[in-house]
Amino acid sequence: AGVLERNWSGKYGRRIKSVLAAVCQDPDTGIFFYSDAEIKHSNQADCVLEFVDFWKEGGDKLSCLIFDSKFTTYQNLEKLDKDKIKFITLRRRSKKLLSDLDKIPEAEWKKVTVEGPSRKHEKLLIHESEIILPRIEQTFRQIIISGNGHEKEAFIITNDMERTAAQIIRQYGKRWNVEKGISEQIEFFHLNNKSSSIVVKVDFDLTMTIVGSNFFLSENSI
């Protein structure tokens with residue numbers, strides 16, 4: 001059945017016995033179509049590859065994966081690219097990365113307008129380049145975003161070379177809607193309160209919660 005591991009909880013500000021779970025949602029419909037509550041520290045970086053294998057079994061083509069910078073490793077980004085899987089994620093900020101911003105000539109920054117929620121338009125300052133990430137040889141596209149309301153710049157990395165920067169930024173912004181949806185499940189279904197000390201029971205509860213959520217969404221969309 002498995003034993004619970006200690007994972008960091010932002011809510012409690014400490015490590016607690018818990019389950020790491022991967023939950024995938026369609027940002028357009030709100031439907032949760034995949035979950036895995038059997039993730040261990042030893043394989044957590046590979047859960048994105050396991051999801052891709054799961055999706056392929058259904059015969060459908062993935063349009064684009066959007067996830068946080070800590071979800072997987074740079075090496076796995078290279079594997080996704082070799083598998084022709086489009087992705088959009090954030091680059092992990094470091095002091096050197098932030099200090100290198102001062103070396104970018106002002107003329108290389110440009111203004112773009114990005115459509116946000118409720119069709120509100122936001123003007124951002126961006127810088128585009130092609131980069132090679134540490135410990136891999138593959139070249140990726142980097143979009144640095146400034147003026148987005150955050151104290152520090154955001155570094156988007158993607159292997160999508162076709163869409164415009166504004167489209168990439170807008171697409172990544174949908175991730176916040178996914179996080180909001182998961183937060184609502186946490187509050188409504190108490191998803192962050194484990195009901196058992198064994199993994200298989202928590203996995204079952206997570207699965208039934210997602211079924212309940214999807215049924216609720218389907219009923220309200222009719």
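**Figure 1. Helix α1 and the glycine that comes after it.** Glycine 59 follows α1 and has a positive phi, near 85°. The model shown here and in the other views is predicted. Within α1, the buried residues are Cys47, Val48, Phe51 and Val52. Viewed down the helix axis, these buried residues fall within an arc of 150°, so they line one face of α1. Their cover includes β3 (20–25), β4 (32–39), β5 and α2.

**Figure 2. An aromatic pair between β4 and α1.** Tyrosine 34 and phenylalanine 54 form a tilted aromatic pair. The ring centres are 4.8 Å apart, with 50° between the planes. Tyrosine 34 belongs to strand β4 and phenylalanine 54 to helix α1. The pair links distant parts of the chain, 20 residues apart. Tyrosine 34 has 12% relative accessibility, so this residue counts as buried. Phenylalanine 54 is partly exposed, with a relative accessible area of 37%. Ring pairs link Phe33, Tyr34, Phe51, Phe54 and Trp55 into a cluster. The structure holds nine aromatic pairs.

**Figure 3. The open sheet of six strands.** The strand order is β5-β6-β10-β9-β8-β7, and the pairing is mixed. β5 and β7 (110–115) are the edge strands, each pairing on one side only. β9 (residues 139–146) pairs with β10 in the antiparallel sense, over five bridges. Here isoleucine 143 stands opposite isoleucine 156 of β10. β10 (residues 154–158) also pairs with β6 in the antiparallel sense, over three bridges. In that pairing, isoleucine 156 is the bridge partner of leucine 90.

**Figure 4. Strand β6 and its parallel neighbour β5.** β6 spans residues 87–90 and is covered on both faces. Phe87 and Thr89 are buried on one side, Ile88 and Leu90 on the other. β5 (residues 65–66) pairs with β6 in the parallel sense, over two bridges. Isoleucine 66 stands opposite isoleucine 88 of β6. Helix α2 (residues 74–82) joins β5 and β6 in a right-handed β-α-β unit.

**Figure 5. Serine 69 in the loop between β5 and α2.** Serine 69 lies in the loop that runs between these two elements. Its relative accessibility is 15%, so serine 69 counts as buried. Leaving out residues up to four places away in sequence, serine 69 touches Thr89, Leu90, Arg91 and Arg92.

**Figure 6. The largest nonpolar core and a second, separate one.** The largest nonpolar core has 18 residues. Leu65, Phe67, Leu77, Leu80, Phe87 and Leu133 touch the most other members. The elements giving two or more residues to this core are α1 (47–57) and α2. A second core, separate from this one, has 15 residues, including Val114, Ile143, Ile169 and Tyr172. In soluble globular proteins, nonpolar side chains tend to be buried together.

**Figure 7. The surroundings of phenylalanine 67.** The contacts listed here leave out residues up to four places away in sequence. Phenylalanine 67 touches Phe87, Ile88, Thr89 and Leu90, among others. These four make up the buried residues of the two faces of β6. Further contacts of phenylalanine 67 include Val48, Thr72, Leu77 and Leu80. Val48 is one of the buried residues of α1. Phenylalanine 67 also touches Tyr172 and Arg175. Tyr172 is a member of the second core.

Key:
Residues are numbered from 1 along each chain as its sequence is written. This is a predicted model: local features need pLDDT of at least 70, side-chain atom pairs count only at pLDDT 80 or more; totals for chains, interfaces and linings use all residues. Side-chain values use heavy atoms; hydrogens and water are left out. Buried means under 20% relative accessible area, exposed over 50%, partly exposed in between (1.4 Å probe, protein chains only). Two strands pair if DSSP finds at least two bridges between them. A crossover is right-handed if, with the strands pointing away from the viewer, the path from the first strand over the helix to the second runs clockwise. A nonpolar core is a set of buried Ala, Val, Leu, Ile, Met, Phe, Trp, Tyr and Cys residues joined through side-chain atoms within 4.5 Å. Contact means heavy atoms within 4.5 Å. The arc is that of the directions from the helix axis to the C-beta atoms. Rings of Phe, Tyr and Trp (its six-membered ring) pair if their centres lie within 6.5 Å; planes under 30 degrees apart count as stacked, over 60 as edge-to-face and the rest as tilted.
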